[in-house]
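Trainee: I have not looked at this one before. Can we go through it step by step?

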Amino acid sequence: MKPADAAVLRGLKRRLDRPAADALVHLQGARPVSATLAAWLAARGSLSARLHRALGPLAVARLAQGLQPPWGDEHALLGLPPHTPLHAREVLLYGAGQPLVYARSVTSQQASRGPWRAIRGLGQRPLAELLFMRRDITRSELCARRVCGPEAQRVRQAWERAVGSSPRGPWWRRHSVFRFHGAPLLVCEYFPAIAQAWPR
């Protein structure tokens, strides 16, 4: 890491809360990361609510939902044995008529019929309506990293199928695990490079 980059990280860690600092640690080596993008990746609470405040009315387009093969480290992040059937919900968040964030929420097929069955009926509503309305749902710390390889290609292809084209440049992912009655739900939110120019 260049000295100038290290100085930027130190300054951001002083200005942001602990989860933000943790996210920045995970992003070391994934340059360039603007202060704006770092803040978005580390922001706590509902992402859809924050996007609404910063960029105006938000719309949710559900792209896919149901039994799906795992992506990369999903079983490990969920703490589930390999080959556990997974239920996934994929959406694209829009603001001001523009696609902003691709999100993928994953739990076991069994949990999607049990504690997390409400995700099946969300339709075009944001997942935040479910996650942040109950005190008995817990959340792990946020982690963030740059996305590459097959995962980045999958995000790009999903975006292209929905919109017709995909933003250029790198992608970043932030993820956390929510638990309800002991059942984990992994929520991954993917940010295109243009997010570095979003308002904070």
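The questions below move from one helix to its surroundings, then to a leucine and two cysteines.

Mentor: Keep in mind that this is a predicted model.

Trainee: Which residues of H7 are buried, and how wide is the arc they fall within?

Mentor: Helix H7 covers residues 149-163. Its buried residues are Glu151, Ala152, Val155, Ala158 and Trp159. Seen down the helix axis, they line one face, because they fall within an arc of 130 degrees.

Trainee: Which exposed residues sit on the face of H7 turned away from its buried side?

Mentor: The buried side has a cover that includes strands S1, S2, S3, S5, S6 and S7. The face turned away from that side carries exposed residues. They are Pro150 and Arg161.

Trainee: Is leucine 63 buried, partly exposed or exposed?

Mentor: Leucine 63 lies in strand S1. Its contacts beyond four places in sequence include Ala158 and Ala162, as well as Tyr102. Buried would need under 20% relative accessibility. Leucine 63 has 31%, so it counts as partly exposed.

Trainee: How far apart in space are leucine 63 and arginine 89?

Mentor: In sequence, 26 residues separate leucine 63 and arginine 89. In space, C-alpha to C-alpha, the distance is 7.8 Å.

Trainee: How many disulfides does the structure hold?

Mentor: A disulfide is a covalent bond between the sulfur atoms of two cysteines. Cysteine 143 counts as partly exposed because its relative accessibility is 23%. Cysteine 148 is at 58%, so it counts as exposed. The number of disulfides in the structure is zero.

Note on methods: Residues are numbered from 1 along each chain as its sequence is written. This is a predicted model: local features need pLDDT of at least 70, side-chain atom pairs count only at pLDDT 80 or more; totals for chains, interfaces and linings use all residues. Side-chain values use heavy atoms; hydrogens and water are left out. Helices (H or I, at least four residues) and strands (E, at least two) are DSSP runs, numbered from the N terminus. Buried means under 20% relative accessible area, exposed over 50%, partly exposed in between (1.4 Å probe, protein chains only). Contact means heavy atoms within 4.5 Å. A disulfide is a pair of cysteine sulfur atoms within 2.5 Å. The expected span of a helix is 1.5 Å times one less than its number of residues. The arc is that of the directions from the helix axis to the C-beta atoms.
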